Amino acid sequence: MVLTNNSIFTPRDLCARLENSGIDVPEENIWTSALATAHWLSHQSDNKRAFVLGEPGLTTALYEAGFITTEVDPEFVILGETRTYSFEEITTAIRLIEGGAKFIATNPDPTGPSLHGTLPATGAIAALIEKATNRQPYYVGKPNPIMLRYGLNKLGIHSETTSFVGDRMDTDILSGIEAGLETHLVLTGSTKKEDITNFPYRPNYIHDSIADIAALL
């Protein structure tokens, strides 16, 4: 199962993107922070009204869970990742949270990679809103165990016989450790080898590439 904190794309989008890269992952085996957020929130309240800052991956997941997106008396302000944050939308979110809306964010990742370098991600924008409102968001995505618990339940497996592979120490590896999974860090993403000593925990295994893990299967 593929778990991603990226809330921009729908599982269908991600399935197609992976297929173009030569990786065959069924759509039903992709679980995003957007889906996790929609699934979790749908069990938290019957008032499914939310102001949403995000892309189709998040808005589609919320729509399918029965949510109405609105600026009028929403119970939740839901922040996801997007490449087009606007000052006006952020201001609206701040005022709604000040008015009593609950602050939810799909994931805490402060940055993401790109071909041109680091990009600000959901966690960075959440920090801006938190500073302005003095309200901390509830993060649903990794390292919140909600993400891993769903994956384990859907696959019908136990943490003691499961490995977790990821490229971020602060979300992937931490999530796996706290859930009791065997952890594999790959160095082809956000975390570099010299970064590992900055954290008080360690992965079980470190690999230069995910191809090294494929060779073990």
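**Warm-up: is Asn-134 buried or exposed?**

Let's settle this one on the predicted model shown above.
- Step 1: Asn-134 sits in the loop between helix 5 (122-133) and strand 9.
- Step 2: Its relative accessible area is 71%, and the cut-off for exposed is over 50%.
- Step 3: So Asn-134 is exposed.

**Exercise 1. Work out what is unusual about the backbone at Asn-134, Asp-73 and Pro-143.**

- Step 1: Start with the background: most residues other than glycine have a negative phi, and most peptide bonds are trans.
- Step 2: Now check Asn-134, where phi is positive, near 60 degrees, though the residue isn't glycine.
- Step 3: Asp-73, also not a glycine, has a positive phi of about 50 degrees. You'll find Asp-73 in the loop between strand 4 (68-69) and strand 5 (76-79), and at 60% relative accessibility it counts as exposed.
- Step 4: Finally, look at omega: the peptide bond running from Lys-142 to Pro-143 is cis, with omega near 10 degrees. Pro-143 belongs to the loop between strand 9 (138-139) and helix 6.

**Exercise 2. Take three of the structure's 6 salt bridges and describe the surroundings of each partner.**

- Step 1: Arg-12 and Glu-27 pair up at 3.8 Å, N to O. Arg-12 is in helix 1 and Glu-27 in the loop between helix 1 and strand 2 (30-32), so this pair links distant parts of the chain, 15 residues apart. Arg-12 is exposed at 60% relative accessibility, while Glu-27 is partly exposed at 34%.
- Step 2: For Glu-81 and Arg-83, the N to O distance is 2.9 Å. Here Glu-81 is buried at 7% relative accessible area, whereas Arg-83 is partly exposed at 48%.
- Step 3: Asp-109 bridges to Arg-168, with the closest N and O atoms 3.9 Å apart. Asp-109 lies in the loop between strand 6 (102-105) and strand 7, and Arg-168 in the loop between strand 10 and helix 7, so the bridge ties together parts that are 59 residues apart in sequence.
- Step 4: Check burial for that last pair: Asp-109 has a relative accessible area of 11% and Arg-168 has 9%. Both values fall under 20%, so both residues count as buried.
- Step 5: Add Asp-170, and you get a salt-bridge network of Asp-109, Arg-168 and Asp-170.

**Exercise 3. Follow Arg-168 into the second largest pocket and characterise the lining.**

- Step 1: The pocket holds about 200 Å³ of space.
- Step 2: Its lining has 15 residues, and those nearest the centre are Thr-111, Arg-168, Gly-189, Ser-190 and Thr-191.
- Step 3: Strand 7 (111-112) and helix 7 (169-178) are the elements that give two or more residues to that lining.
- Step 4: Sort the lining by class and you get 9 polar, 3 charged and 3 nonpolar residues.

**Exercise 4. Compare the settings of Ile-157 and Pro-11.**

- Step 1: Ile-157 is in the loop between helix 6 (145-155) and strand 10 (163-166). With 36% relative accessible area, Ile-157 is partly exposed.
- Step 2: Together with Met-1 and Leu-155, Ile-157 makes a nonpolar surface patch of about 220 Å² accessible area.
- Step 3: Pro-11 lies in helix 1 (residues 11-20) and counts as buried at 14% relative accessibility.
- Step 4: For Pro-11, try a distance too: its C-alpha atom is 8.9 Å from that of Leu-35, which is 24 residues away along the chain.

Terms used:
Residues are numbered from 1 along each chain as its sequence is written. This is a predicted model: local features need pLDDT of at least 70, side-chain atom pairs count only at pLDDT 80 or more; totals for chains, interfaces and linings use all residues. Side-chain values use heavy atoms; hydrogens and water are left out. On a 1 Å grid over the protein atoms alone, a cavity is a set of points where a 1.4 Å probe fits but cannot get out, and a pocket is an open set with protein on both sides within 12 Å along at least five of seven lines; lining residues have an atom within 4 Å of a point. Grid points are joined across faces, edges and corners, and a volume is the space filled by probe spheres set on the points. Helices (H or I, at least four residues) and strands (E, at least two) are DSSP runs, numbered from the N terminus. Ala, Val, Leu, Ile, Met, Phe, Trp, Tyr, Cys and Pro count as nonpolar, Asp, Glu, Lys and Arg as charged, and the others, Gly among them, as polar. Patches are made of residues with over 30% relative accessible area and no salt bridge: like charges are joined within 9 Å, nonpolar side chains (Val, Leu, Ile, Met, Phe, Trp, Tyr) within 5 Å. Accessible areas come from the Shrake-Rupley method with a 1.4 Å probe; for residues, only the protein chains shown count as cover. A salt bridge is a side-chain nitrogen of Lys or Arg within 4 Å of a carboxyl oxygen of Asp or Glu. Buried means under 20% relative accessible area, exposed over 50%, partly exposed in between (1.4 Å probe, protein chains only).
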